[in-house]
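Student: I would like a close look at one part of this protein, the charged side chains and what lies around them. Please take me through it step by step.

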Amino acid sequence: MVLEALPHWLKTHCSKLEGEGLFSGTHINHVLINEYTPGQGIMPHVDGPLFTPLITTLNLGSSCLIKFQTRDSETDQLEEQFSLFLEEGSLLVQTNEVYERFLHGIEEVKEDLVTEKVANLGFCQGFVWGCCEKEHESFFDHQKRSKSGQV
């Protein structure tokens with residue numbers, strides 16, 4: 001890895017994030033910018049010791065689901081533990097156990113399937129079902145109504 005100063009335009013944004021107190025007085029020293037078009041994703045992975053003790057993800061452009069998985073020690077298969085719905089403009093901070101224990105990735109899909117594994121759905125301001133009457137109806141309430149034919 002080549003050590004370079006962050007460009008001024010990026011340093012301005014990093015300073016704003018640092019001002020939120022998320023980095024315990026340290027400074028952002030690495031930025032990776034990825035663009036994912038619909039249908040693209042990133043394989044489940046852990047970010048190695050180069051980025052410890054935390055990573056942040058600033059989600060721009062659109063919303064998506066990021067899945068967190070563990071690897072079964074006997075079968076070596078990945079097992080989904082939970083997902084997070086990342087709204088456009090949201091900031092995800094991964095540290096401690098989430099950083100060290102869970103693989104994270106984004107599936108290669110054009111539409112995300114929202115299930116009971118989405119841990120933060122009740123906290124998402126922008127998540128509104130197009131067919132729902134209530135402005136902030138939860139996924140679970142919508143699912144109950146659609147199963148009973150009340151959509």
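Start with one residue: what is the relative accessible area of Arg 71?

Tutor: The figure for Arg 71 is 43%, so Arg 71 is partly exposed. Bear in mind that this is a predicted model. Every value here is computed from it.

Arg 71 has a charged partner. Its side chain meets that of Asp 76 in a salt bridge, at 3.8 Å from N to O. The cut-off for such a pair is 4 Å, so this one qualifies. Asp 76 is partly exposed as well, at 49% relative accessibility.

The count of salt bridges comes to 4. Take Glu 97 and Arg 101 next. Their side chains meet at 2.9 Å, N to O. Both residues sit in helix 2, which covers residues 96–101. They are 4 residues apart there, which means about one helical turn separates them. Glu 97 is partly exposed at 45% relative accessibility. Arg 101 has a relative accessible area of 45% and is partly exposed too.

Now go to the strands. Glu 80 and Lys 67 form a salt bridge through their side chains, 3.5 Å from N to O. Glu 80 belongs to strand 4 and Lys 67 to strand 3, so the pair ties together parts 13 residues apart in sequence. Lys 67 counts as buried because its relative accessibility is 17%, and buried means under 20%. Glu 80, at 23%, counts as partly exposed. The pair is part of a network: salt bridges link Lys 67, Glu 80 and Glu 107.

Lys 67 leads on to strand 6. Opposite Lys 67, in that strand, stands Gly 105. Strands 3 and 6 run antiparallel, joined by 3 bridges. Strand 6 has another antiparallel partner in strand 1, residues 42–45, with 2 bridges between them. There, His 45 has His 104 as its bridge partner. Strand 6 spans residues 103–106, and both of its faces are covered. Leu 103 and Gly 105 are buried on one side. His 104 and Ile 106 are buried on the other.

Ile 106 takes us into the nonpolar interior. As a rule, nonpolar side chains in soluble globular proteins tend to be buried together. Here the largest nonpolar core has 9 residues, Ile 106 among them. The others are Cys 64, Ile 66, Phe 68, Phe 82, Leu 84, Leu 86, Leu 92 and Phe 102. Strand 3 (64–71) and strand 4 (78–86) each give this core at least two residues. Those two strands hold Lys 67 and Glu 80, respectively.

Look at Ile 66 in that core. Set aside its neighbours within four places in sequence. Ile 66 then contacts a run of strand 4 residues, Phe 82, Ser 83, Leu 84 and Leu 86. Its other contacts are Leu 92, Gln 94, His 104, Gly 105 and Ile 106. Gly 105 thus turns up twice: it touches Ile 66 and stands opposite Lys 67.

One last point concerns the cysteines. Cys 64, a member of the core, counts as buried at 12% relative accessibility. Cys 14 is buried too, with a relative accessible area of 6%. Yet the structure holds 0 disulfides.

Conventions: Residues numbered from 1 in each chain as written. Predicted model: local features only at pLDDT ≥ 70, side-chain atom pairs only at ≥ 80, totals over all residues. Heavy atoms only, no water. Core = buried A, V, L, I, M, F, W, Y, C linked by side-chain atoms within 4.5 Å. Buried < 20%, exposed > 50% of the residue type's maximum accessible area, 1.4 Å probe, protein only. Contact = heavy atoms within 4.5 Å. Pairing = 2+ DSSP bridges. Disulfide = S-S within 2.5 Å.
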